[in-house]
Amino acid sequence: MEQDYLIDTNSIINFANKKLPSSGSLFVSKVIDINPIISIINKIEVQGFADPNNQMIELIEASTIIPLTDEMVDETIAIRKIHKVKLPDAIIAATAKTKNLTLITRNETDFDSVSGLTIINPWKI
């Protein structure tokens, strides 16, 4: 596993709630064991509805959280100008692109129009 990954909110939630297929769960588990990375947006989304004692919060606390940078803001603006992507998804995509991370997400259709973004769907592993 030489590539680094950005774990999207839906993958965090479904991993923590044991809703991923076994092969996807094993993959996400390895990513988490090696180097869990999330965007500040993922932290906001997860903590917005997770119980404070939930496994999702533990995962957030164990993760490298990538804050917004000027480069990411510029990339987010570019993505929003070209594609009809919601702002949180544009920030997540910009984070993955600028940090050269593969995005782990189930929501391929939210991101498939963004060029230069590599996606892996843990439900299809």
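**Exercise 1.** In this predicted model, determine how many of the eight residues of helix α1 (residues 9–16) are buried, and what follows for the placement of the helix.

*Solution.* Begin with the criterion, under which a residue is buried when its relative accessible area is under 20%. Next, go through the helix: Thr9, Asn10, Ser11 and Ile12 meet the criterion, and so do Ile13, Asn14, Phe15 and Ala16. Eight of the eight residues are therefore buried, so α1 is largely enclosed by the rest of the structure. Then ask what provides the cover: among the elements over these buried residues are the strands β1 (5–7), β2 (37–39) and β4 (102–104), together with the helices α2 (22–34), α3 (40–47) and α4 (55–62). Finally, look just past the end of α1, where Lys18 adopts a positive phi of about 55 degrees.

**Exercise 2.** Place α1 within the order of elements along the chain.

*Solution.* The inventory comes to seven helices and five strands. Read from the N terminus, these elements follow the order β-α-α-β-α-α-β-α-α-β-α-β.

**Exercise 3.** Decide whether the radius of gyration of the chain agrees or disagrees with that of a compact globule.

*Solution.* For 125 residues, a compact globule would have a radius of gyration near 14 Å, and because the chain has 14 Å, the two agree. The extents of the C-alpha trace along its principal axes are about 35 × 30 × 25 Å. As for burial, 46% of the 125 residues are buried. Turning to contacts with a separation of 6 or more, 62% of them join residues 24 or more positions apart.

Note on methods. Residues are numbered from 1 along each chain as its sequence is written. This is a predicted model: local features need pLDDT of at least 70, side-chain atom pairs count only at pLDDT 80 or more; totals for chains, interfaces and linings use all residues. Side-chain values use heavy atoms; hydrogens and water are left out. Helices (H or I, at least four residues) and strands (E, at least two) are DSSP runs, numbered from the N terminus. The radius of gyration is taken over C-alpha atoms; the globule rule is 2.2 Å times the number of residues to the power 0.38. Buried means under 20% relative accessible area, exposed over 50%, partly exposed in between (1.4 Å probe, protein chains only). Contact means heavy atoms within 4.5 Å.
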